[in-house]
Amino acid sequence: MSTRIAFLKAHGTENDFVVVPDPENSVDLPPAAVAALCDRRAGIGGDGLLHVVRSAAHPEAREMAGEAEWFMDYRNGDGSVAEMCGNGVRAFARYLQHAGHVTAGELAVATRGGVKTVHLAKDGDVTVRMGRAVLPEGEVTVSVDGRSWPARNVNMGNPHAVAFVEDLAHAGSLFSAPPFAPASAYPDGVNVEFVVDRGPRHVAMRVHERGSGETRSCGTGACAVAVATARRDGADPAVTGTPVTYTVDLPGGRLVITEHPDGEIEMTGPAEIVAEGQIDPEWLERATAAKTPEVRNA
C-alpha cells in the first residue's frame, strides 16, 4: 500500500471513531489494520472504525442500495465486525454532511442491522430511527467481582444485557467482559449495560461494549436501557398507544430515547467531527503486521 488514506476523527457523546471515507470500497481494512488504527497509544485511537462505502460497492450492502446510497461498514476497536452502532450512525451521518454528500434533513444509512433513517437537525442534534427492540425470552444474569444481577435480554440489531444496580461503581472496571449466564443466550458475546435511576424516566448507565471494553457512550445500549427500564416500570407503548421517552445519561453525555406505539425507537443526541488528516501507509503496514498475531489470538 503506497497511497495515503484519508481519515477523520469523530465522536457522539464521546463514543469516538476513526472515519475512513472509501466510496468505492477500495481500501483493504483487515481486522489487524482496524485494531492498529483504533489503538489509543500507537494509533489514531477510537472505540471503533466507520468505513464509509457506497452501498452498491459493498457485497454486504448491495441489496440495500435502492434504499440507502451509503453503507456504514462498522468495526469494533479490536477489528471485529459489528451489526450496528447507534452513536456511530450519528457520526456517520455527520461525516456525510461534513463532506457535502447530504444536507440537513432526512437520509437513509445502510447498516448490517438494516437501513436506518437519520434526521440531521439544523441545531446540530442527530436523530436516528433505530428500529424495533426484540426482547428474547429466558432468564439471564451478569456478574462482576462475585456479585450477580438479573439482566434483561434486549436485541437492537446487536445483543444487550441490561442490569439494574444500586451504584454504577458495582460495574467494576469493565475492562474485561462481565461474565454472563447462560452462555447460550449470547453465543457471539454481548454488550452489557449497568443502570441506576436518576429520576422519573431518567436513568444513568455504564457499558461494556463487545469488542471495545468500557466506552463513554453506546447508542444501541442507551436504546436497550430505555426499553428495559420502560418494561420494568410497566410502560409498553404498544399496549398504551402512547410514546414513552427516557433521558439516558452516559459518561460521555446525554441521549434522549423515545419508543413509539409501533415499536419504532428514536435516539437523539449530538455528533461532531473533530479532526481530519491522512494515514501514513508505511506506518499502517508495520502496525498491521504487529497487530496481526494479537488479533488472531483474541
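**Exercise 1. The setting of Arg210**

Is Arg210 buried or exposed? Identify its salt-bridge partner and state which parts of the chain the pair links.

*Solution.* The model is predicted.

Step 1. The relative accessible area of Arg210 is 15%. Buried means under 20%, so Arg210 is buried.

Step 2. Arg210 is joined to Glu83 by a salt bridge, with the closest N and O atoms 2.7 Å apart.

Step 3. Glu83 sits in the loop between strand 4 (70-76) and helix 2 (86-98), while Arg210 sits in the loop between strand 13 (202-209) and strand 14 (213-215). The two residues are 127 residues apart, and the pair links distant parts of the chain.

Step 4. Glu83 has a relative accessibility of 27% and counts as partly exposed. The bridge therefore pairs a partly exposed acid with a buried arginine.

**Exercise 2. The salt bridges of Arg40**

Determine which residues form salt bridges with Arg40, and explain what the pair with Asp16 ties together.

*Solution.*

Step 1. Asp16 and Arg40 meet through their side chains in a salt bridge of 2.6 Å, N to O.

Step 2. Asp16 belongs to strand 2 (residues 15-21), and Arg40 to the loop between helix 1 (31-38) and strand 3 (48-54); the pair therefore ties together parts that are 24 residues apart in sequence.

Step 3. Arg40 also forms a salt bridge with Asp47, where the closest N and O atoms are 2.9 Å apart.

Step 4. Both acids are buried: Asp16 has a relative accessible area of 10%, and Asp47 has a relative accessibility of 8%.

Step 5. These residues belong to a network of salt bridges that links Lys9, Asp16, Arg40 and Asp47. The count of salt bridges in the model comes to 22.

**Exercise 3. The enclosure of helix 1**

How many of the eight residues of helix 1 are buried, and which residues are they?

*Solution.*

Step 1. The buried residues of helix 1 are Ala32, Ala33, Val34, Ala35, Ala36, Leu37 and Cys38.

Step 2. Seven of the eight residues are thus buried, so helix 1 is largely enclosed by the rest of the structure.

**Exercise 4. Backbone exceptions**

Locate the cis peptide bond and describe the settings of Asn25 and Leu174, given the phi of each.

*Solution.*

Step 1. Most residues other than glycine have a negative phi, and most peptide bonds are trans.

Step 2. The peptide bond from Ala181 to Pro182 is cis, its omega being near 0°. Pro182 occupies the loop between strand 11 (180-181) and strand 12 (191-199).

Step 3. Asn25 has a positive phi, near 60°, and is not a glycine. Asn25 is placed in the loop between strand 2 and helix 1, where it is partly exposed at a relative accessible area of 26%.

Step 4. Leu174 likewise has a positive phi, of about 60°, without being a glycine. Leu174 is found in the loop between strand 10 (159-164) and strand 11, and is buried at 3% relative accessibility.

**Exercise 5. The surroundings of Arg254**

Which residues are in contact with Arg254, leaving aside its neighbours within four places in sequence?

*Solution.*

Step 1. Arg254 is part of strand 16 (residues 253-259) and counts as partly exposed, at 46% relative accessibility.

Step 2. With those neighbours set aside, Arg254 is in contact with Thr13, His202, Thr247, Val248, Asp249, Thr268 and Pro270.

Step 3. Leu168 provides a further reference point: Arg254 and Leu168 are 86 residues apart in sequence and 16 Å apart in space, C-alpha to C-alpha.

**Exercise 6. The chain as a whole**

What radius of gyration does the protein chain have, and what value would a compact globule of 298 residues have? Relate the result to burial and contacts.

*Solution.*

Step 1. The secondary structure comprises five helices and 18 strands.

Step 2. A compact globule of 298 residues would have a radius of gyration near 19 Å, and the protein chain has 19 Å, so the values agree. The C-alpha trace spans about 55 × 45 × 30 Å along its principal axes.

Step 3. Of the 298 residues, 52% are buried. Among contacts with a separation of 6 or more, residues 24 or more positions apart account for 62%.

Step 4. The chain exposes about 12900 Å², of which carbon and sulfur atoms supply 48%.

Step 5. The chain carries 27 positive and 40 negative charges, and the mean positions of the two sets are 2 Å apart.

Notes:
Residues numbered from 1 in each chain as written. Predicted model: local features only at pLDDT ≥ 70, side-chain atom pairs only at ≥ 80, totals over all residues. Heavy atoms only, no water. Salt bridge = Lys/Arg side-chain N within 4 Å of Asp/Glu carboxyl O. Helix = DSSP H or I, 4+ residues; strand = E, 2+ residues; numbered from the N terminus. Buried < 20%, exposed > 50% of the residue type's maximum accessible area, 1.4 Å probe, protein only. Rg over C-alpha atoms; globule rule 2.2 N^0.38 Å. Contact = heavy atoms within 4.5 Å. Areas by Shrake-Rupley, 256 points an atom, 1.4 Å probe, with all protein chains shown as cover. Lys, Arg positive; Asp, Glu negative; His and termini not counted. Charge placed at Lys NZ, Arg CZ, Asp CG, Glu CD.
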